[in-house]
Amino acid sequence: MPGTNVDWNVAAIANTRGQIWANLAIPAPGGRLSLFTDGTPDATANPKAVHLGMTREGAAYMVKPKFEQYYADEFIAPVKTNLGEMEAMIQAEILQVTDTKLLELLTPGVGTKTTGTGYEQVTFGQCAIVYSSVAVIFPTEADPTKFAVFHLYKAINEGGIEMKIGRKQLSGIQVSFRGYEITSRAASDTLGSFWKQTA
């Protein structure tokens, strides 16, 4: 009998810096975020795209299903399971803490940016909750001219803003973009996607 193939695929490793983008266009069902050749969102397809700038230690993303377990009295382990909930997030600590367009983006439902002669500001109070399409984009190990994308179609930063100002450390804001379903899409594609370029 033959052995089973092992998978030592270094090209599948991620060991590079990514970029977080918001206010992206939501791709059509079955589609993907439109990228330029340098891995940034294509400006024509994503005219409102906002780069979140530098981070303290890169970005993290997560998709986590939560399963409901069903038991029968005759057995001690579950006999059936079903998907009960799902959550998806993009998290990072951003460093460009005085960028007012970022501060408005990070305070949905409470932050409003205004500008005037000699100033720009974000006021805090009640306003409309605006969702944003958010993605982490990074070069692939197999080919740094090709890119991988983790994309939440509809998200908000649920943590608001909180930061320290001090001389001995760069200020930062922890961001946690939670994904929300777009209920009009196919059930298998309501929340987001991960994809990578291969050609």
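Is threonine 190 buried or exposed? In this predicted model, threonine 190 counts as buried because its relative accessibility is 6%, and the cut-off for that class is under 20%. The surroundings of this residue make a good starting point, but a look at the whole protein helps to place it.

The protein contains 1 helix and 10 strands. Read from the N terminus, the order of these elements is β-β-β-β-α-β-β-β-β-β-β. Along the principal axes, a box of roughly 75 × 45 × 40 Å holds the C-alpha atoms. The protein has 199 residues, of which 33% count as buried. Among contacts with a separation of 6 or more, 61% are between residues 24 or more positions apart. The exposed area of the protein comes to about 13,100 Å², with 53% of it supplied by carbon and sulfur atoms.

Returning to threonine 190, this residue sits in the loop that links strand S9 (173–179) and strand S10 (192–196). Once neighbours within four places in sequence are set aside, the contacts of threonine 190 are Tyr153, Tyr180, Glu181, Ile182 and Arg185. With one of these partners, glutamate 181, the side chain of threonine 190 makes a polar contact of 2.5 Å. The picture is thus of a loop residue that is buried and joined to glutamate 181 through side chains.

A second point of interest is the empty space inside the model. Rolling a probe the size of a water molecule over the atoms reveals where such space remains. Across the whole structure, the search finds 1 cavity of 30 Å³ or more, and the largest cavity encloses about 30 Å³. Its lining is made up of Leu105, Pro108, Val130, Ser132, Ala155, Ile156, Asn157 and Phe177. Strand S8 (residues 147–157) contributes the most to this lining, giving 3 residues. Sorted by class, the lining of the largest cavity holds 6 nonpolar and 2 polar residues, with no charged ones.

The backbone offers one more detail, at asparagine 23. Most residues other than glycine have a negative phi. Asparagine 23 is not a glycine, yet its phi is positive, at about 55 degrees. This residue is found in the loop between strand S1 (19–22) and strand S2 (50–51). Asparagine 23 is classed as partly exposed because its relative accessible area is 30%, a value that falls between the limits of 20% and 50%. Threonine 190, by comparison, is a loop residue that counts as buried.

Notes
Residues numbered from 1 in each chain as written. Predicted model: local features only at pLDDT ≥ 70, side-chain atom pairs only at ≥ 80, totals over all residues. Heavy atoms only, no water. Helix = DSSP H or I, 4+ residues; strand = E, 2+ residues; numbered from the N terminus. Buried < 20%, exposed > 50% of the residue type's maximum accessible area, 1.4 Å probe, protein only. Polar contact = N/O pair within 3.5 Å; in protein donor to acceptor, adjacent residues only side chain to side chain. Contact = heavy atoms within 4.5 Å. 1 Å grid on protein atoms, 1.4 Å probe; cavity = no way out; pocket = protein on both sides within 12 Å on 5 of 7 lines; lining within 4 Å. Points joined across faces, edges and corners; volume = space filled by probe spheres on them. Nonpolar A, V, L, I, M, F, W, Y, C, P; charged D, E, K, R; others polar. Areas by Shrake-Rupley, 256 points an atom, 1.4 Å probe, with all protein chains shown as cover.
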